[in-house]
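Me: Please take a close look at one helix in this structure and its surroundings. I am in my first year, so explain each term as you use it.

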Amino acid sequence: MIVRGLFLLVLPFTALQQPATPVPWMAPPEADAYQDPLAADTKATVRGEKVFTALCWTCHGITGQGDGPNATALKMRPATLASPAVQHQSNGALYWKVTHGRGEMASYKEVLTRDERWAVVHYLRTLASR
Ligand code: HEC
């Protein structure tokens, strides 16, 4: 009982600790130099679309606007993947973020193969024009 009481006290407190302005998320500089193994693969975008429509759109929205059906349940708004701020990052940096995750954005290192993670980065590029 005491433990449960403490938990209820701590929860609202941690919710108040969320920073008003999210801390920018930077991939380490070496990620920019990663060799993209799918650079010449013309099927990469199609493969990446399958990953995106299975795992990512529920938060990020089907066109990458950060407005998926699960977005409102999160403390942090999912990134607008179609935005210049995301699109200006290198493939390696985006691959690194999908691999490692941060906060409510999970790490996909164990969920997706290396090629699936690169493929979804290729698909993210198609969101730029929407
Ligand atoms: C549970 C909701 C959720 C799911 C599912 C999800 N994301 Fe995210 N994503 C987030 C949130 C929230 C952030 C912002 C994280 C932060 O800045 O701390 C984010 C951030 C990102 C970023 C970094 C954008 C930037 O600002 O540089 C990329 C890239 C990304 N997600 C891609 C994906 C991909 C690809 C998938 C599917 C494999 C995916 N996400 C699935 C919630 C989600």
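Reply: What follows looks at helix H4, then at its partner and at the ligand.

This is a predicted model, in which local features need pLDDT of at least 70 and side-chain atom pairs count only at pLDDT 80 or more, while totals for chains, interfaces and linings use all residues. Residues are numbered from 1 along each chain as its sequence is written.

The protein chain has five helices and zero strands. Read from the N terminus on, its elements run α-α-α-α-α. Helices (H or I, at least four residues) and strands (E, at least two) are DSSP runs, numbered from the N terminus.

Start with how covered H4 is. A residue is buried if 20 or more other C-beta atoms lie within 10 Å of its own, exposed if 12 or fewer, and partly exposed in between, with C-beta atoms placed from the backbone. Of the 130 residues of the protein chain, 23% count as buried. H4 is mostly covered, with seven of its 10 residues buried. These buried residues are Gly92, Ala93, Leu94, Tyr95, Trp96, Lys97 and Val98. After H4 comes Gly101, which has a positive phi, near 70°.

What do the buried residues of H4 pack against? They pack against helix H5 (114–126). Two residues are in contact if their C-beta atoms, placed from the backbone, lie within 7 Å. On the H4 side, Asn91, Leu94, Tyr95, Val98 and Thr99 meet Arg117, Trp118, Val120, Val121 and Leu124 in H5. By class, the residues of this contact divide into seven nonpolar, two polar and one charged. Here Ala, Val, Leu, Ile, Met, Phe, Trp, Tyr, Cys and Pro count as nonpolar, Asp, Glu, Lys and Arg as charged, and the others, Gly among them, as polar.

Next comes the geometry. Two packed helices are described by the angle between their axes and the distance between the axes. Axes are lines fitted to C-alpha atoms, for helices over the stretch in contact, and angles run from 0 to 180 degrees between N-to-C directions. For H4 and H5, the angle is about 125° and the axes are 9 Å apart. H4 and H5 are therefore oblique to each other. The cut-offs are these: angles under 35 degrees count as roughly parallel, over 145 as roughly antiparallel, 65 to 115 as roughly perpendicular and the rest as oblique.

H5 also meets H2. The axes of H2 and H5 come within 7 Å and cross at roughly 90°, so H2 and H5 are roughly perpendicular to each other. The residues of this contact divide into nine nonpolar, four polar and three charged. Lys50 lies in helix H2. Lys50 counts as partly exposed because it has 13 C-beta neighbours inside 10 Å. The C-alpha atoms of Lys50 and Val120 are separated by 8.2 Å, although the two residues are 70 apart along the chain.

Last is the ligand. A residue is near a molecule or strand if its C-beta atom, placed from the backbone, lies within 6 Å of it. Of the 24 residues around the ligand, Cys56, Cys59, Pro78, Ala79 and Met105 come nearest. Helix H2 (44–60) and helix H4 (91–100) are the elements that give two or more residues to this shell. H2 provides the largest share, six residues. The shell has 16 nonpolar, five polar and three charged residues.
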